[in-house]
Amino acid sequence: MKKLLFWLFFILLIALAFILGNMPKITDYYDQLTRTRIPKNVDLQPAAQKEATFVGSSKCKACHKEKYHDWHASMHAKMIQDIRKNTNVIVADFSKLPKDADFTLKDAVYTIGSKFKQRYMIPATINSKEDFRLGNYQWNTQTGKWQRFKPYKYWYKHAYPHDNKQFPTSTTCDGCHFTGFMSTGKRIEPAIACESCHGPGSNHAADPKSAIFRADMSDPIRTNEVCLQCHMRNRDKRLQASNVTQKSLWMQAVDYPQGFEPGKPLVAYKLPAPFTPGKESKEFWPNGAAKKNRTQGNEYVHDAMYRHGITCINCHDPHRLTNTAKKPEGNRTCMKCHSFGSLIGPHQPTLEAHTHHKADSKGSQCIECHMPKTGKHTGKSPLTVRSHRFAFTYPAQTEAYGMPPQTNACFSCHQDRTLKSLQKDLESWGMVSWEEMSDTPRMQK
Ligand code: HEC
Ligand code: HEC
Ligand code: HEC
Ligand code: HEC
Ligand code: HEC
Ligand code: HEC
Ligand code: HEC
Ligand code: HEC
């Protein structure tokens with residue numbers, strides 16, 4: 001009898017292990033996905049932070065060495081760099097700076113960016129205020145060339161004079177590139193530092209028991225806001241009113257959610273760049289995919305994963321900034337949650353059955369089909385900005401929307417083929433629903 005019980009127990013244990021081992025991986029995320037949704041207009045900033053001030057990342061370093069170290073090695077720490085402290089931050093070849101440049105290396109105080117392009121901040125008095133202007137040439141890192149830069153063409157054409165020397169960075173750039181500027185108008189730290197995501201930290205640094213905002217503690221949809229304050233194209237919120245025009249905001253149009261601090265309701269500060277499904281605009285293709293950089297948020301809010309509660313930080317560690325073009329994590333990024341033959345897809349039993357490419361082919365990399373390169377960093381840059389609209393765009397949709405074929409995943413690797421014949425491949429693989437077999441474009445679920 002005892003022996004029988006022992007064996008019964010043993011078999012039960014094995015069965016349990018088998019069931020648990022085969023649970024879809026997404027079950028690990030049920031807590032995150034099923035959290036109570038908090039309305040978008042609720043202020044989540046801890047009361048203890050309301051009176052706090054910005055103190056800079058050096059104050060956090062003493063107690064959070066590891067986080068500081070991770071962050072310091074990331075690009076967020078290198079966005080704005082002081083040329084006076086270290087000339088190695090220049091990635092451009094100043095010996096080739098065109099003759100009609102309105103600045104020299106000596107005039108520039110800060111560099112902006114480095115990876116795709118570098119622009120230069122020059123002290124200037126604008127509107128009788130101490131401010132910065134931008135040089136009329138930028139360095140394109142991807143092409144290795146100087147390129148003309150006229151910011152007034154892209155930032156509120158009717159609100160600023162068409163002259164770089166009269167175009168201030170305080171209203172058009174600094175809120176997203178300097179910590180603290182967004183809500184205080186002061187350049188506390190030249191970087192996207194701790195307090196850009198955790199809010200002002202004076203009270204917490206003085207007394208660690210004093211609460212400080214942490215974006216993953218609430219509704220996952222709201223978690224994204226800490227990234228969307230910067231990684232989402234927008235318009236000056238005041239333009240929402242029918243009697244306000246760019247002209248009426250002369251010298252004052254602001255291109256960041258002025259006044260926002262992490263935890264506060266972003267909707268109260270941000271007006272996202274407009275997009276109408278089916279219509280091409282300055283920033284978006286008719287299917288909602290990005291034509292430009294810095295559009296991750298605009299695209300992602302249309303995605304099914306966003307609606308289900310998957311967040312930016314499920315794929316990008318917020319301190320180390322994992323998963324970049326330079327250091328991709330491959331299919332692992334997606335297979336943390338997805339598995340073959342699972343409820344959330346891919347529904348086919350194996351990688352090859354889903355992609356119809358060999359397992360070790362580039363054509364079996366998730367992002368090659370679900371995050372095609374649809375955008376550019378400047379008009380003269382190559383097509384390298386990957387879309388954060390994860391739903392697959394069919395060749396027939398690319399054609400029906402009148403988008404350049406290069407933005408289509410299949411065509412980008414098979415440029416000797418036509419969109420029509422690539423669509424036929426998918427049909428022969430049975431990966432097209434009835435709707436997509438007609439030529440009518442369909443907005444994604
Ligand atoms: C004097 C030491 C000290 C300083 C300075 C300090 N912290 Fe902390 N911090 C702590 C301690 C202790 C905790 C609690 C750790 C725990 O509960 O696991 C903490 C927790 C946190 C948390 C997590 C909060 C939560 O709800 O889980 C964040 C975020 C944070 N600190 C950010 C910062 C930032 C940003 C700064 C700089 C402005 C800073 N800290 C400065 C000691 C410090
Ligand atoms: C780009 C936004 C961002 C920046 C910059 C940032 N953090 Fe965070 N931090 C987050 C988010 C989001 C979380 C919660 C998710 C997580 O822990 O990964 C977090 C979590 C933390 C925690 C709690 C971690 C734990 O495991 O308990 C601490 C402590 C912290 N951050 C400190 C810092 C410090 C110190 C800096 C600056 C050196 C910093 N953070 C910079 C976004 C950021
Ligand atoms: C205050 C503005 C701001 C906030 C908040 C912010 N970012 Fe960024 N982020 C930037 C800027 C600016 C860059 C470009 C840095 C550069 O190229 O020097 C950047 C770069 C990145 C990169 C590319 C890193 C690389 O190595 O090229 C990733 C990934 C990223 N951010 C993710 C996030 C995530 C996730 C969050 C939210 C947790 C977030 N960011 C919050 C402004 C911001
Ligand atoms: C709403 C926030 C926001 C505003 C306003 C903003 N930026 Fe950025 N900027 C970002 C983010 C986020 C990134 C990185 C993400 C990306 O490029 O996709 C970035 C990237 C850049 C880069 C490329 C960085 C690199 O390493 O290649 C440059 C250069 C740059 N911005 C310059 C400017 C200038 C100049 C202005 C003002 C005329 C400005 N930005 C206004 C958020 C902003
Ligand atoms: C489902 C996973 C996933 C989610 C969610 C996600 N990303 Fe990404 N992101 C990626 C991958 C993968 C790449 C591309 C890396 C590559 O090019 O190989 C990327 C690229 C980026 C880059 C450009 C990095 C570079 O090298 O220039 C930025 C910036 C970025 N993401 C920000 C965000 C922000 C902000 C959010 C939330 C609005 C977000 N991402 C949500 C997976 C994700
Ligand atoms: C943290 C978990 C998680 C990660 C990481 C993740 N996903 Fe998802 N994904 C989900 C969930 C949940 C859904 C919603 C499933 C449903 O609607 O049935 C989903 C849905 C999708 C869909 C179908 C709906 C849509 O958006 O069109 C695609 C395609 C997709 N994911 C691709 C990816 C790719 C590519 C990656 C990696 C870059 C990735 N996912 C990473 C959890 C995740
Ligand atoms: C060769 C292109 C290609 C590659 C590579 C690819 N997919 Fe897909 N994926 C598709 C197509 C086509 C669909 C069907 C789209 C639809 O149903 O609207 C799809 C659909 C999906 C869906 C929706 C659910 C389903 O089963 O239809 C998910 C989730 C998904 N893919 C995840 C992934 C993940 C994770 C990877 C990497 C392991 C990946 N895909 C690699 C082309 C690809
Ligand atoms: C990242 C690049 C890449 C993407 C995206 C891609 N392919 Fe491929 N494809 C390849 C490579 C490389 C091969 C060579 C054989 C292999 O690796 O499986 C191939 C092979 C094929 C073949 C076999 C016949 C041949 O030409 O060798 C077909 C058919 C095909 N792809 C169709 C498609 C379709 C349809 C899509 C979009 C759903 C697509 N591919 C997306 C790279 C890609």
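**Ligands, iron sites and a nonpolar core**

Biologist: Which residue has a side-chain N or O atom 3.1 Å from an oxygen atom of ligand 1?

Modeller: This is a predicted model: local features need pLDDT of at least 70, side-chain atom pairs count only at pLDDT 80 or more, totals for chains, interfaces and linings use all residues, and side-chain values use heavy atoms, with hydrogens and water left out. Residues are numbered from 1 along each chain as its sequence is written, while chains are lettered from A and ligands numbered from 1 in the order written. A pair of N or O atoms within 3.5 Å is a polar contact. Here the side chain belongs to Arg214.

Biologist: Which side chains have an N or O atom 2.8 Å from a nitrogen atom of ligand 1?

Modeller: Near means a heavy atom within 4 Å. Of the 13 residues around ligand 1, the nearest are Cys60, Cys63, His64, His204 and Arg214. Two histidines of that set have the 2.8 Å pair: His64 and His204.

Biologist: Which elements give two or more residues to the shell around ligand 1?

Modeller: Elements are DSSP runs: helices (H or I) of at least four residues, strands (E) of at least two, numbered from the N terminus. The shell holds 7 nonpolar, 4 polar and 2 charged residues. Its contributing elements are α3 (58-61), α8 (194-198) and α9 (202-206).

Biologist: Which residues coordinate the iron atom of ligand 2?

Modeller: Donors are N, O and S atoms within 2.8 Å of the metal (3.2 Å for Na, K and Ca). The pair here is 121 residues apart, with one member in helix α8 and the other in the loop between α14 (312-315) and α15. Both bind through NE2 at 2.0 Å: His198 and His319.

Biologist: What geometry does the site of the iron atom of ligand 2 have?

Modeller: Six donors are octahedral if opposite ones are over 155 degrees apart and all others between 65 and 115. Ideal octahedral angles are 90 or 180 degrees. The 6 donor atoms give angles of 86 to 180°, and the site is octahedral.

Biologist: Is His198 buried, partly exposed or exposed, and at what relative accessible area?

Modeller: Buried means under 20% relative accessible area and exposed over 50%, with partly exposed in between (1.4 Å probe, protein chains only). His198 counts as partly exposed, because its relative accessible area is 25%.

Biologist: Which residues coordinate the iron atom of ligand 8?

Modeller: That site is octahedral too, with angles of 88 to 179°. The pair is 57 residues apart, in the α16-α17 loop and the loop between α19 (409-413) and α20 (419-428). At 1.9 to 2.0 Å, the NE2 atoms come from His357 and His414.

Biologist: Which residue lies 3.2 Å, by a polar side-chain atom, from an oxygen atom of ligand 7?

Modeller: His354 and His370 each pair with a nitrogen atom of ligand 7, at 2.8 Å. The oxygen partner is Tyr394.

Biologist: Which element gives the largest share of the largest nonpolar core?

Modeller: Such a core joins buried Ala, Val, Leu, Ile, Met, Phe, Trp, Tyr and Cys residues through side-chain atoms within 4.5 Å. This one has 31 residues, and Tyr110, Met121, Leu134 and Tyr160 have the most contacts inside it. Elements giving two or more residues include β2 (110-112) and β4 (129-134). The largest share, 3 residues, comes from β3.

Conventions: Polar contact = N/O pair within 3.5 Å; in protein donor to acceptor, adjacent residues only side chain to side chain. Tetrahedral: all angles 85-135°; square planar, octahedral: opposite > 155°, others 65-115°. Nonpolar A, V, L, I, M, F, W, Y, C, P; charged D, E, K, R; others polar.
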